[in-house]
Amino acid sequence: MSFNTPSIFTSDCTKLAAIIKIIKILKSNLILNKTTTVRDIYYQDVEIFNRDQQECRKLLTDLVEDGLGWSLARDFNIHPTQKGLMYGNIFKQMAEPILIPIDYCSYFKWNSTILPGTALLVIVLEKDAVLHSFSKFIETKSDALHRNLIVITGKGFSDNLTQRFASWLTKTYHTTTLGFFDSDSHGILIYKQFKFSIPDIEYTGMYLLESNPISQLTISTRDVSIMTNLSSTAMVNLGEKVHRELTRGIFLHKKAEMNVVAADEYNTYILDKVRKCLPCT
């Protein structure tokens with residue numbers, strides 16, 4: 001579509017109307033210094049975006065980043081919809097896991113009960129189902145961990161917000177970071193992603209030979225290929241424990257997924273592992 005030549009096509013007129021709508025929203029957000037998401041902008045007028053959130057995202061990217069050379073996040077405070085979750089005992093009030101706030105610095109300033117530089121235990125979990133279950137479990141075990149604690153998950157492969165948040169935690173607090181991922185190709189790849197943001201994260205489980213043989217699953221040919229490629233550099237890039245899990249999985253043709261077993265089992269497993277890594281608890 002050219003903006004210099006009038007068009008007789010309805011689709012072009014609709015697209016122009018959508019762009020004008022976006023410009024109005026951007027102007028309003030700048031005046032109000034408002035932080036928002038692509039999803040919020042889309043739901044301000046779903047019809048004008050043809051009921052397609054991806055079309056809204058594309059128009060925003062075309063206009064702001066490709067057309068103006070600016071950043072949606074830095075210049076307009078427009079972020080992808082939050083994906084990651086967090087839960088912890090360091091907040092004034094948190095009854096259940098919440099989405100990682102877009103403006104997490106401000107959230108911590110007003111809601112955290114600890115100061116920057118304070119010791120903080122960060123537990124990274126691969127799956128949100130495990131986080132929801134574990135958060136309820138540790139509420140009943142309040143005397144088991146005498147630590148400032150936050151538990152986070154990217155719900156599988158994490159988004160940029162979760163990665164930035166994880167990195168910010170390690171730079172703001174004196175953190176010990178323990179990660180729990182499935183002993184399979186998918187889990188190791190997610191661990192690798194988090195290790196980029198948190199270099200000192202320790203792979204703490206699930207370990208294949210610590211899982212119940214009945215719950216172990218057979219890996220696919222694709223799993224073997226991914227695990228073989230990972231194992232070639234794992235000792236240097238990911239550590240001895242990850243290399244061990246990869247080679248064991250390839251040799252036994254098995255993998256261990258944490259949420260295959262009963263919730264009580266993996267919750268107790270996580271807590272026991274954390275307490276072993278933190279002998280003073």
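A residue is counted as partly exposed when its relative accessible area falls between the limits for buried, under 20%, and exposed, over 50%. Lys241, with a relative accessible area of 34%, is therefore partly exposed in this predicted model.

The protein comprises 11 helices and 10 strands. Its C-alpha atoms fill a box of roughly 70 × 50 × 35 Å along the principal axes. Of the 281 residues, 47% are buried. Among contacts between residues at least 6 apart in sequence, 70% join residues at least 24 apart. The accessible surface of the protein amounts to about 14900 Å², of which carbon and sulfur atoms supply 54%. Positive side chains number 31 and negative side chains 29, with the centres of the two sets 3 Å apart.

The count of salt bridges comes to 10. One of these joins Lys241 to Glu202, with the closest N and O atoms 2.9 Å apart. Lys241 belongs to helix α10 (residues 240-252) and Glu202 to strand β8, so the pair ties together parts that are 39 residues apart in sequence. Glu202, like its partner, counts as partly exposed, because its relative accessibility of 29% lies between the limits of 20% and 50%.

A second salt bridge pairs Glu257 with Lys127, the closest N and O atoms being 4.0 Å apart. Since Glu257 is placed in the loop between β10 (254-255) and α11 (263-277) and Lys127 in the loop between β5 and α6, this pair ties together parts that are 130 residues apart in sequence. Both Glu257 and Lys127 are buried; for Lys127 the relative accessibility is 18%. Beyond its neighbours within four places in sequence, Lys127 is in contact with Thr153, Asp182, Glu257 and Asn259.

Glu257 also forms a salt bridge with Lys255, for which the closest N and O atoms are 3.6 Å apart. Lys255 is buried, with a relative accessible area of 14%. These residues form part of a network of salt bridges that links Lys127, Asp182, Asp223, Lys255 and Glu257.

On the surface, Leu209, Phe251 and Leu252 make a nonpolar patch of about 350 Å². Leu209 is located in the loop between β8 (202-205) and β9 (217-218). With a relative accessible area of 53%, Leu209 is classed as exposed because this value is over 50%.

Technical notes
Residues are numbered from 1 along each chain as its sequence is written. This is a predicted model: local features need pLDDT of at least 70, side-chain atom pairs count only at pLDDT 80 or more; totals for chains, interfaces and linings use all residues. Side-chain values use heavy atoms; hydrogens and water are left out. Helices (H or I, at least four residues) and strands (E, at least two) are DSSP runs, numbered from the N terminus. Buried means under 20% relative accessible area, exposed over 50%, partly exposed in between (1.4 Å probe, protein chains only). Contact means heavy atoms within 4.5 Å. Accessible areas come from the Shrake-Rupley method with a 1.4 Å probe; for residues, only the protein chains shown count as cover. Lys and Arg count as positive and Asp and Glu as negative; His and the chain ends are not counted. The place of a charge is taken as NZ of Lys, CZ of Arg, CG of Asp or CD of Glu. Patches are made of residues with over 30% relative accessible area and no salt bridge: like charges are joined within 9 Å, nonpolar side chains (Val, Leu, Ile, Met, Phe, Trp, Tyr) within 5 Å. A salt bridge is a side-chain nitrogen of Lys or Arg within 4 Å of a carboxyl oxygen of Asp or Glu.
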